[in-house]
Amino acid sequence: MSDCQLYLISPLDVSGRFPQRLERALDAGPIAAFQFRVKDVDQHEAARLADPLMSICRARDVAFIVNDSISLAKRLGADGVHLGQGDGDIREAREALGREAQIGVTCHASRHLAMEAGEAGADYVAFGAFFPSTTKATEVRPEPEILSWWQNLFEIPCVAIGGITPENCSPLVEAGADFLAVSGSVWNGDEAQVIEEFTNLMKR
């Protein structure tokens with residue numbers, strides 16, 4: 001089985017020195033994708049904030065994924081979009097963003113939602129939150145076993161999300177997560193050090 005990979009999610013505030021922090025994080029270890037996740041800003045402002053971050057990711061061959069907004073992903077020419085259950089349709093996203101776009105879907109703890117997403121053409125499914133998260137209020141708490149179930153039946157990669165730290169990630173890696181989506185554990189500390197810790201733990 002290949003190594004699990006990191007999927008880095010932005011904090012809600014990506015202004016100020018955040019571009020430099022992103023560079024430090026991406027240079028500290030291999031990261032497969034970066035998700036741009038900001039709330040309560042209009043699309044023009046979101047695009048302004050995203051632009052330098054996308055350049056940083058492109059220079060390092062890291063996929064740039066936009067959270068929630070198909071229209072913003074299209075405007076930016078992003079590598080893909082991550083859809084929550086209320087954020088639009090996979091087929092609509094595929095039509096807008098093209099065949100090459102990476103489209104991911106939040107499936108919480110639902111095997112049914114994950115299978116539906118796979119059938120609709122998602123490129124990955126995300127399960128979680130596996131642990132309490134300071135980044136987002138969560139009510140659903142799946143068991144790591146859902147990752148093993150998915151791996152045994154489907155080819156589409158699965159992402160584990162929610163409160164993941166270097167201290168608690170091992171059961172998710174062992175259960176078969178293709179990606180660990182991390183945010184608070186990275187940005188609430190020394191981003192480079194935390195990425196290095198994750199990188200060392202995820203080699204299997």
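**Exercise 1. In this predicted model, find the salt bridge between E191 and R21, and work out which parts of the chain the pair links.**

Step 1. Start with the atoms: the side chains of E191 and R21 meet with an N to O distance of 2.7 Å. A salt bridge needs the nitrogen within 4 Å of the carboxyl oxygen, so the pair qualifies.

Step 2. Place the partners. E191 belongs to helix 9 (residues 191–201) and R21 to helix 1 (residues 18–28), and the two are 170 residues apart, so this is a link between distant parts of the chain.

Step 3. Now look at accessibility. E191 has a relative accessible area of 4%, so E191 is buried. R21, with 25%, is partly exposed.

Step 4. Widen the view to shared partners: R21, R24, D190 and E191 are joined by salt bridges into one network. The structure as a whole holds 10 salt bridges.

**Exercise 2. Decide which residues of helix 1 are buried, and name elements that cover them.**

Step 1. Apply the cut-off: buried means under 20% relative accessible area. In helix 1, the buried residues are F18, P19, L22, A25, L26 and A28.

Step 2. Look at what lies over these residues. The cover includes strand 1 (5–9), strand 2 (31–36), helix 2, helix 8 (184–187) and helix 9. Helix 9 is thus worth a second look here, as E191 of the salt bridge with R21 also lies in that helix.

**Exercise 3. Describe the salt bridges R58 to D79 and E145 to R111, with the location and accessibility of each partner.**

Step 1. Take R58 and D79: their closest N and O atoms are 3.3 Å apart. R58 sits in helix 2 (residues 43–59), while D79 is in the loop between helix 3 (70–76) and strand 4 (80–83), so the bridge ties together parts 21 residues apart in sequence.

Step 2. Check the surface. R58 is partly exposed at 41% relative accessibility, and D79 is partly exposed too, at 25%.

Step 3. Turn to E145 and R111, where the closest N and O atoms are 2.7 Å apart. Here the pair links helix 6 (residues 145–153), which holds E145, with helix 5 (residues 111–119), which holds R111, and the partners are 34 residues apart.

Step 4. Both partners are partly exposed: E145 has a relative accessible area of 45%, and R111 has 33%.

**Exercise 4. Work out what flanks helix 5 at its N-terminal end and just after the helix.**

Step 1. At the N-terminal end, S110 acts as a cap, with a side-chain oxygen 3.3 Å from the backbone nitrogen of H112.

Step 2. Just after helix 5 comes G121, whose phi is positive, at about 105 degrees.

**Exercise 5. Locate the two loop serines S69 and S183, and find what their side chains reach.**

Step 1. S69 is in the loop between strand 3 (63–67) and helix 3. A polar atom of the S69 side chain lies 2.9 Å from the backbone nitrogen of L72.

Step 2. Beyond neighbours within four places in sequence, S69 is in contact with Q43 and V81.

Step 3. S183 is in the loop between strand 8 (179–182) and helix 8. With a relative accessible area of 9%, S183 is buried.

Step 4. The S183 side chain reaches the backbone oxygen of I9 at 3.1 Å. Leaving aside neighbours within four places in sequence, the contacts of S183 are I9, S10, P11 and T135.

Methods: Residues are numbered from 1 along each chain as its sequence is written. This is a predicted model: local features need pLDDT of at least 70, side-chain atom pairs count only at pLDDT 80 or more; totals for chains, interfaces and linings use all residues. Side-chain values use heavy atoms; hydrogens and water are left out. Helices (H or I, at least four residues) and strands (E, at least two) are DSSP runs, numbered from the N terminus. Buried means under 20% relative accessible area, exposed over 50%, partly exposed in between (1.4 Å probe, protein chains only). Contact means heavy atoms within 4.5 Å. A polar contact is a pair of N or O atoms within 3.5 Å; within protein, one must be able to donate a hydrogen and the other to accept it, and residues adjacent in sequence count only if both atoms are side-chain atoms.
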